[in-house]
Amino acid sequence: MAGAVDTDAVATLESKGIAPIKQQFRKVKGDGKADSDALTGEKRPHDALESNGEGEFPTTEDALENAVHGDGSSAKKPKFDKSARQAGRRGQNKKKERHQAPVQDDFKLCNALAQGNECPYGENCKFTHDVTAYLAAKEPDLEGPCPQIKAFGSCKFGPKCRFYGTHAGMLADANIVIKSPNDIIKNGVTRELQKSLRSNNASLPRTEEYLAWLQTAKAVRAARIASKVKESPQDPTVEDANEQSAASENPIPQAEEQSVTETSACNEEQALNDASTEEASVVPGTAQPVDTAADKPAEPELSAAEKESLKKFDYDPATIRFRCDSKKRVDFRHKTYLAPLTTVGNLPFRRICKQFGVDITCGEMAMTTALLSGQGHEWALTRRHVSEDIFGLQIAGSQPRTILKVCEAIAENNMDVDFVDLNLGCPVEAITKMGCGSALLEQRGKLYDICAGANYALGSIPLTVKIRQGIYTGKPVAHKLLPLFKQAGVSMVTLHGRSKEQRYTKLSDWSYIQEMSKLSGDDMLFFGNGDILSHQEYWNYIEKANVDGCMIGRGALIKPWIFTEIKERRVWDISSRERLDFLKDFVHNGLEYWGSDTQGVNTTRRFLCEWLSFLHRYIPVGLLEVLPQRINDRPPPYVGRDDLETLMASPNSNDWVKISEMLLGPAPASFKFIPKHKSNAYEVEG
């Protein structure tokens with residue numbers, strides 16, 4: 001029967017991880033047979049937000065011209081010299097080709113002059129003061145009104161703006177409203193704060209109090225362990241416990257800076273983690289056997305100051321772990337949550353997701369060491385748009401000192417945040433080598449000290465965490481951590497259903513997430529995360545896994561309108577023109593945020609191309625035999641229902657630049673785009 005779905009064929013494709021695209025849209029070779037080049041079981045690009053950077057996208061126009069234009073002709077793949085590429089990548093600067101300098105004007109105008117001010121350098125200024133000559137050499141203006149004037153009522157770029165021709169008319173409008181950028185984009189950090197953090201002069205009393213207490217507590221823990229070893233030298237239980245503790249303390253090397261007080265002796269670090277069979281499963285607040293005088297371990301000799309420091313905090317005498325005061329916890333039940341996404345989860349993109357109805361947004365992961373060194377680009381990750389009504393910051397660190405300092409700086413400087421999220425799930429080697437992200441998952445004692453201390457330093461701001469199943473596949477540890485997080489005062493836990501080893505391969509284990517939801521109880525929210533690309537999957541996990549909500553990451557990059565689908569419980573067969581419209585919105589957001597001068601235009605272009613490296617993976621609803629699209633299914637070569645839809649499906653980074661030119665004008669010759677999130681999937685080899 002015409003139009004009938006071949007269920008056997010569809011099942012075969014799905015079993016191989018291939019998206020079941022309707023036959024009439026499948027791209028064909030010159031012999032009229034369906035092109036099966038993509039059906040070989042290869043990994044698809046961008047299955048991970050971060051990759052090992054060893055893959056290459058095809059950059060030869062002829063190789064993919066047929067995929068873009070859909071003329072039915074076959075294209076021979078050019079030979080690819082893999083050895084040459086590898087030879088060029090040996091050594092310490094393996095990713096040097098990734099560096100992309102900002103694209104600026106060749107003929108540069110003085111900033112002070114552009115803003116209508118007097119240049120403080122006068123004749124010694126290294127930039128031109130000849131506005132007429134600058135305008136003659138500048139790239140042509142772009143179409144449309146100036147985004148800066150439209151948003152703020154003025155444009156700080158003056159003649160440098162790529163919409164300068166519209167300034168006179170827009171500024172003459174009697175209805176123009178002048179707005180401060182700080183009223184629209186929150187959390188602009190001051191130079192004074194950056195300088196005080198960089199010079200270690202910031203006043204952070206809660207952090208210093210807790211760290212002083214923690215140092216004393218570590219000494220007590222270490223003394224207890226030493227006492228047990230001394231009293232029972234032949235006890236295999238004690239010896240085994242200490243061996244296991246030493247092995248589990250640092251499963252991944254740590255390179256983040258460590259002060260003298262943080263770099264402890266081996267026995268102290270053993271005490272910090274599961275240092276004995278009695279302490280291995282101890283969580284503050286749980287029932288413990290009563291010590292008798294004979295059983296009580298020896299306590300170290302403490303100075304008067306140390307004894308006084310120990311009294312400042314309420315702690316469990318069995319474990320010497322800080323007991324957090326209870327605080328108001330977040331209530332995000334059944335709210336949609338956009339995951340914090342490195343690079344692509346920028347403020348302009350989050351605005352697009354707000355446009356489609358997401359409830360909770362979170363800034364990109366910020367490293368505590370970079371924040372404490374006052375780096376402006378890292379503090380920029382904390383910025384919040386006024387439309388983000390529930391917003392959090394995500395931080396990553398490996399030491400209590402750096403994490404607590406950042407938490408207290410956020411709280412004491414009145415930053416406009418609803419929660420702070422601690423990243424305990426990042427699997428990227430560059431992060432875990434520093435002891436951050438998922439490297440902390442098997443260091444339960446240290447993790448408790450960090451979470452309890454961060455909760456204390458944040459004051460009234462709730463603390464949430466994002467974790468993975470564990471470090472190693474088949475060895476989950478999340479079930480051991482949930483009771484710990486409860487006692488540390490964590491408001492919400494989000495569990496990604498993969499291990500660090502898996503990164504983003506295989507499927508997210510929602511059966512394990514379901515088991516963990518039972519352990520979380522009613523006093524701590526529990527969200528699941530992984531592989532959601534449809535409203536059917538979202539509501540299925542909410543109901544069957546019994547989670548309080550789901551965090552969505554890659555699914556939102558591939559189809560940000562997923563939040564509309566979830567709220568309306570419908571499938572949206574969005575057209576290519578509708579998709580182009582929200583790309584225009586992204587561009588407007590980018591020009592408003594990054595600037596409307598040449599550098600701002602091409603920064604917007606770069607981040608647009610980064611997003612398109614995910615967005616092209618969306619397969620239009622009308623092209624699929626079976627719904628919904630699954631996030632890990634890769635499509636065979638296909639053409640869309642119109643030329644724009646076909647172009648948007650191209651995996652060629654050159655075509656992403658073409659799309660950017662439809663919105664931002666021609667890319668300058670100096671603009672080079674190398675996708676950050678690459679894989680080996682589309683390597684062009686002979």
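The exercises below, each with a worked solution, concern a predicted model.

**Exercise 1. Strand 8 and its neighbours**

Find out how many residues of strand 8 are buried, which residues lie on each of its faces, and which strands pair with strand 8.

*Solution.* Begin with the strand itself, which spans residues 390–396 and is mostly covered, since 7 of its 7 residues are buried. Next, separate the two faces. In a regular strand the side chains alternate between the two faces of the sheet. Here Ile390, Gly392, Gln394 and Ala396 lie on one side, while Phe391, Leu393 and Ile395 lie on the other, and both groups are buried.

Then turn to the pairing partners. Strand 5, made of residues 360–362, pairs with strand 8 in the parallel sense over 3 bridges, and within this pairing Cys362 has Gly392 as its bridge partner. Strand 6, residues 366–367, also pairs with strand 8 in the parallel sense, over 2 bridges, and here Met367 is partnered by Ala396. Strand 9, residues 419–424, runs parallel to strand 8 and is joined to it by 4 bridges, with Ile395 standing opposite Leu422 of strand 9. Finally, follow the chain from strand 8 to strand 9: the path leads through helix 17, residues 400–412, and forms a right-handed β-α-β crossover.

**Exercise 2. Strand 12 and two β-α-β units**

Describe how the residues of strand 12 are arranged, and name the helices that take part in β-α-β units with this strand.

*Solution.* Start with burial: strand 12 covers residues 525–529, and because 5 of the 5 residues are buried, the strand is largely enclosed by the rest of the structure. Leu525, Phe527 and Asn529 point one way, whereas Phe526 and Gly528 point the other way.

Now take the partners one after another. Strand 11, residues 492–496, pairs with strand 12 in the parallel sense over 5 bridges, one of which can be followed from Met492 to its bridge partner Leu525. Together with helix 21, residues 510–520, these two strands make a right-handed β-α-β unit. Strand 13, residues 549–552, runs parallel to strand 12 and is joined to it by 3 bridges, and the bridge partner of Gly528 in strand 13 is Cys550. With helix 22, residues 535–544, in the middle, strands 12 and 13 also make a right-handed β-α-β unit.

**Exercise 3. Cysteines without a bond**

How many disulfides does the structure hold, and why does Cys426 not form a bond with Cys436?

*Solution.* The structure holds 0 disulfides. For Cys125, the nearest cysteine sulfur belongs to Cys119 and is 3.8 Å away; a disulfide requires the two sulfur atoms to be within 2.5 Å. Cys125 counts as buried, because its relative accessibility is 14%. For Cys426, the closest cysteine sulfur is that of Cys436, and their separation of 8.8 Å is too far for a bond. Cys426 is likewise buried, with a relative accessible area of 8%.

**Exercise 4. A cavity and its lining**

Describe the second largest cavity by its volume and by the residues that line it.

*Solution.* First, note that the structure holds 3 cavities of 30 Å³ or more. The second largest cavity contains about 100 Å³ of space. Its lining consists of 13 residues, and those nearest the centre are Lys559, Val571, Val621, Pro628 and Gln629. Sorted by class, the lining has 8 nonpolar, 3 polar and 2 charged residues.

Definitions and conventions: Residues numbered from 1 in each chain as written. Predicted model: local features only at pLDDT ≥ 70, side-chain atom pairs only at ≥ 80, totals over all residues. Heavy atoms only, no water. 1 Å grid on protein atoms, 1.4 Å probe; cavity = no way out; pocket = protein on both sides within 12 Å on 5 of 7 lines; lining within 4 Å. Points joined across faces, edges and corners; volume = space filled by probe spheres on them. Nonpolar A, V, L, I, M, F, W, Y, C, P; charged D, E, K, R; others polar. Buried < 20%, exposed > 50% of the residue type's maximum accessible area, 1.4 Å probe, protein only. Pairing = 2+ DSSP bridges. Right-handed = clockwise from strand over helix to strand, strands pointing away.
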